[in-house]
Amino acid sequence: MTNQTANFMIQALNLARQAGPETDPNPRVGCVLVAANGDVIGQGHTQQVGGPHAEVMALRDAAARGNSAVGATAWVTLEPCAHHGRTGPCCDALIAAGVSRVVAALTDPNPLVAGQGFERLRAAGVEVEIGPGAQEARELNIGFLSRMVRKTPWVRMKVAASLDGKTGLENGVSQWITSEAARADGHAWRARASAVLTGVGTVLEDNPRLDVRLVRTPRQPHLVVVDSRLQTPPDANIFIEGRAVWIYAASRDDEKARALEARGATVTCLPDANGKVDLGAMLEDLAARRVNELHVESGHKLNGSLLREGCVDELLVYLAPKLIGSGLDIASHLHSDGPLTSLAGAMPLEFKSVDMLGPDLRIVARIAGRDAF
């Protein structure tokens, strides 16, 4: 494969990045149509959920330019779909347009596709190749892939701290440790997610909105509250028009549940053996609700529980160039199971990226081996 042809997949990946969060829960996909002479004749990316997929957008773009797709190669970041959902199968659209070759970065693990798109293309005489760009395509859609393969969302936990690891003062004040640039970036990660998760302790102490305000977004992510005893006040700021609020409890209190449901919340009772919310079962339920990426912003107790039970895939950590000294320690937010007696028991991480945001440092660290699916 030449550098020129590999560039077509790079172009398709760039288109997929433009798709943004409005495609959720569908994957972000880009498609580039290339004529036999090497000219790009059409391109497109997946539209908002319910809208056309990348392949159809590229075919429409080619037609709008007066170009025929007969004999063209479609460079696409994910296997063309083979099922009828809100739109028709993309593999059929490519076949009908006369495309002679499809180069895809990834096979779609969705059981409704899972190689069937490739099979239908081959059956129609279309050449199929698995090309470059697999890792980039996986990262773009890691939540979708997690939901399809593991049946749970991709869980990302956000923490902000000073350089000496303090998340707040001893009196609880924590606004603002990081800069405006870091806070806006945190909102961009919220916007990317299908849902934001917090605990009832945060709701009671801070009464936050936990919505996206500092960056533009086509839609607000849903909100998830872990609330074992249904202590969430019905007048809390989390109830925002246009977004779902899912509250998970460990026991059913009909009166409290009715008050929350009157505000539009969905209350689900999922107790574990200890009388707390079964966090693993909650993640499975969220996947059934088509949550791809789950963004966690909660207190140290829930953070610790999520880590201890193996529910976290990735950490999003912002470090400010400040020394606070005595205060709330980041370890209390990220601890998993008490003090260690051996370094062999430390949770292994892999740094995925380290970037400057204004004066602050952003670290994305992944639980080692968690993306092996």
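**Exercise 1. Cysteine 91 and its surroundings**

Determine whether cysteine 91 is buried or exposed in this predicted model, and establish how many disulfides the structure contains.

*Solution.* Begin with accessibility. Cysteine 91 has a relative accessible area of 0%, so this residue is buried. Next, consider the sulfur distances. The closest cysteine sulfur to that of cysteine 91 belongs to cysteine 81, at 6.6 Å, which is too far for a bond. A disulfide requires two cysteine sulfur atoms within 2.5 Å. By this rule the count is 0 disulfides. Cysteine 81 is likewise in no disulfide, its nearest cysteine sulfur being that of cysteine 90, 3.6 Å away. Cysteine 81 also counts as buried, because its relative accessibility is 7%.

**Exercise 2. The aromatic pairs**

State how many aromatic pairs the structure holds, and classify each by its geometry.

*Solution.* The structure holds 2 aromatic pairs. In the pair of phenylalanine 8 and tryptophan 75, the ring centres are 5.8 Å apart and the planes stand at 55 degrees, so the arrangement is tilted. This pair connects distant parts of the chain: phenylalanine 8 belongs to helix 1 (residues 3-19) and tryptophan 75 to strand 3 (residues 73-76), 67 residues apart. Phenylalanine 8 and tryptophan 75 are both buried.

Tryptophan 154 and phenylalanine 373 make up a pair that is also tilted, with 6.2 Å from centre to centre and 50 degrees between the planes. Here too distant parts of the chain are linked, since tryptophan 154 is in strand 6 and phenylalanine 373 in the segment after strand 16, 219 residues apart. As for accessibility, tryptophan 154 is buried, with a relative accessible area of 0%, whereas phenylalanine 373 is partly exposed at 22%. The cut-off needed for this step is that buried means under 20% relative accessible area.

**Exercise 3. Strand 10 and its partners**

Describe how strand 10 is covered, which strands pair with strand 10, and the handedness of the crossover to strand 11.

*Solution.* First, take the burial. Of the 5 residues in strand 10 (residues 245-249), 5 are buried. In a regular strand, side chains alternate between the two faces of the sheet. On one side of strand 10 are Val245, Ile247 and Ala249, and on the other Trp246 and Tyr248; all are buried, so that both faces are covered.

Second, take the pairing. Strand 9 (residues 222-226) runs parallel to strand 10 and is joined to it by 4 bridges. Within this pairing, leucine 223 has valine 245 of strand 10 as its bridge partner. Strand 11 (residues 266-269) also pairs with strand 10 in the parallel sense, over 4 bridges. There, tryptophan 246 has threonine 266 of strand 11 as its bridge partner.

Third, follow the connection. From strand 10 the chain passes through helix 9 (residues 254-262) to strand 11, forming a right-handed β-α-β crossover. Aspartate 254 is placed in helix 9 and is partly exposed, with a relative accessible area of 43%. The C-alpha atom of aspartate 254 is separated by 58 Å from that of arginine 101, the two residues being 153 apart along the chain.

**Exercise 4. The span and packing of helix 7**

Compare the span of helix 7 with the expected value, and identify its buried residues and the strands against which they pack.

*Solution.* Helix 7 (residues 180-192) has 13 residues and extends 19 Å from first to last C-alpha, close to the expected 18 Å. Its buried residues are Ala182, Asp185, Gly186, His187, Trp189, Arg190 and Ala191. The strands against which these buried residues pack include strand 6 (154-162), strand 8 (195-199) and strand 12 (293-296). Strand 13 (314-320), strand 15 (349-357) and strand 16 (360-367) are also among them.

**Exercise 5. Backbone exceptions**

Locate the cis peptide bond and the positive phi values at lysine 151 and arginine 290.

*Solution.* Most residues other than glycine have a negative phi, and most peptide bonds are trans. The bond from aspartate 24 to proline 25 is cis, with omega near 10 degrees. Proline 25 lies in the loop between helix 1 and strand 1 (30-34).

Lysine 151, although not a glycine, has a positive phi of about 65 degrees. Its location is the loop between helix 6 (142-149) and strand 6, and its relative accessible area of 43% makes lysine 151 partly exposed.

Arginine 290, also not a glycine, has a positive phi of about 70 degrees. Arginine 290 occupies the loop between helix 10 (279-288) and strand 12, and is partly exposed at 38% relative accessible area.

Key
Residues are numbered from 1 along each chain as its sequence is written. This is a predicted model: local features need pLDDT of at least 70, side-chain atom pairs count only at pLDDT 80 or more; totals for chains, interfaces and linings use all residues. Side-chain values use heavy atoms; hydrogens and water are left out. Buried means under 20% relative accessible area, exposed over 50%, partly exposed in between (1.4 Å probe, protein chains only). Helices (H or I, at least four residues) and strands (E, at least two) are DSSP runs, numbered from the N terminus. The expected span of a helix is 1.5 Å times one less than its number of residues. Contact means heavy atoms within 4.5 Å. Two strands pair if DSSP finds at least two bridges between them. A crossover is right-handed if, with the strands pointing away from the viewer, the path from the first strand over the helix to the second runs clockwise. Rings of Phe, Tyr and Trp (its six-membered ring) pair if their centres lie within 6.5 Å; planes under 30 degrees apart count as stacked, over 60 as edge-to-face and the rest as tilted.
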